[in-house]
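Open your viewer and keep the selection box handy. We will walk through this model stop by stop.

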Amino acid sequence: MIRSGSIATLDCLDVAWSNVGASGVDLDLPDVIQYADFAAQWDTLRYRILKRIENDQCYPTSVEIVDLPKDRLAVRPLARFDIEHRLHYESLIVALAPTIERSLSRSVYSYRWWGRRNRLLSPKGSWIDMQHHARWHHENNPNLSVANTDISAFYEHIDVEILIDDLRRLRVPELQLDSLDQFLQAFNCLSSAWGIPQGADLSGMLANLYLATFDAEIRREGLRLFRYSDDTYIFGNDWDHLRGVLVQTNRALRHRHLNLNASKTRIYPNHEVLALFEDKEKDAISYGIRSYADWAPERLHALFDEAREESPPKTRDIKFCLTNLANLDDDYAVKWLLASFTEIPHIAREVLVYLSKFADTDPYVERFVPELLLRDELRSYPSALQHLLVFMIRHESRGRRLSDAAWKLLLNRNGETFVREMAARYLGLLGSRGEAGQLKQEYQLESNYRIRRALLVACYESNQCSRAWLATVAATDGDLRVTAEYLQTNPPKIARPATTERPPWR
């Protein structure tokens, strides 16, 4: 008997499921095999998962930590859970979301809960809103200076015990609190990361709550702040005043095991404040594109040229330009991107989304992009390799050299799991039929269940699966039961990873 509403509810689980595909981690680490087989059986699986949550059987037993590039040097650790464990975690936050939302200041723009629609507001839209409101405040208070700061390794240094105490003060139900506490403690014990999981957008609500005392400290000083996660603007009278506030707030943060990032903390005098906010040129270009102004493409080209000519290239502006060039069906950036891909591997997803727009009309793009998989410079950027494989699957790129490169990635047992999974998927769909039997052999030899799942699907897509074999897998392998049951329904086409932001299994 499921105790409806005591820890999580079917409604909370459904909201968490609706977030799968929309969260940041799903764009960087698409897991469309598992998401597709869950989508096909969701009406049944939701009850099974809820029962496991109610019986305390859904805590993470393992966590894969993926180092996702922030730039060419730095990385951030994304947590990759099994789908059941992820849904457990996110459904708990959904249950707590209205309570957390009521406790947050209007100065916080990130990860806000929209109660009417029962979902998070768009992170991208929220960032733009913060920039616009901060700029408006500056324009109306031009004599004020601004301190811009963030927190070193914010998510990783969130203390779970302090976070749980914060939630307890909000009087959330103890069963939900205990379940979240146990999940986060297990996450910290089982992975090389700590704090709260990065990658799941809903984690941002917990992060916002953790900084509520930081917000209150600044407000008590009578100052106005604008915060997106830990990225903060504080308006004050002058340099000395703001410096004193930063010292005081940093002292308060240390009680929460946090520190301001000294290298990213700066006080801007009033005449330099406008340089902090998103360039007005971008606003003008966006407006021009929306209104079909003749001058907009030319100014967009100029902004792209300025960004690519910086050393290193200014990737935030490049991403802005690529999004808008794609919307205009403008191939202005194609030639430079193909020549310079290895200089910007940390934004491979955005680059390949843009190039994909022209792959069907420009034979050079379709032919050249897959060849990047062979470049030695990309070996230390597994996320770029993964997104190249996604591109190859999306555009059905075939060839002996490409197949050999995919096999090399698959057979590298020291390689990143998510790259090996995508290589298996590529080989099942587009590899040589003469080598299809080797996929089944690798399935039998493989110990990593994620790779086995990818190989199982690859065997199915290369016609190496009998119904009897799938029935045996479903009966004997608990990790692959759901996938094997899904494949037994004989789906004509399994969702393929997409180069767009639209979940392909929805």
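Start at the far end: Asn490 sits in the segment after helix 24 (481-488), where helices (H or I, at least four residues) and strands (E, at least two) are DSSP runs numbered from the N terminus. Select Asn490 and check its backbone: phi is positive, about 55 degrees, although this residue is not a glycine. With 52% relative accessibility, Asn490 counts as exposed; the scale used is buried under 20% relative accessible area, exposed over 50% and partly exposed in between, with a 1.4 Å probe and protein chains only.

Before moving on, a word on what you are viewing. This is a predicted model, in which local features need pLDDT of at least 70 and side-chain atom pairs count only at pLDDT 80 or more, while totals for chains, interfaces and linings use all residues. Residues are numbered from 1 along each chain as its sequence is written, and side-chain values use heavy atoms, with hydrogens and water left out.

Now colour by pLDDT, the predictor's confidence in each residue from 0 to 100. The protein has a mean of 90, and 96% of its residues reach 70 or more. Residues 1-5 fall below 50, and this stretch has seven contacts beyond near neighbours in sequence, a contact being heavy atoms within 4.5 Å. Where pLDDT is low, predicted coordinates should not be read in detail.

Next, select Ser229, in the loop between strand 6 (224-228) and strand 7 (231-236). Ser229 also has a positive phi of about 55 degrees without being a glycine. Is Ser229 buried or exposed? Ser229 is buried, at 10% relative accessible area.

Go on to Pro312, in the loop between helix 13 (296-309) and helix 14 (315-327). The peptide bond leading from Ser311 to Pro312 is cis, with omega near 0 degrees. For context, most residues other than glycine have a negative phi, and most peptide bonds are trans.

Then take helix 18 (residues 382-394) and measure end to end: its end C-alpha atoms are 18 Å apart, in agreement with the 18 Å expected for 13 residues at 1.5 Å a residue (1.5 Å times one less than the number of residues). Of those 13 residues, 12 are buried, among them Pro382, His387 and Phe391. To see what covers them, show helix 2 (24-28), strand 1 (64-69) and helix 20 (417-430), which are included in the cover. Just after helix 18, Glu396 has a positive phi, near 50 degrees.
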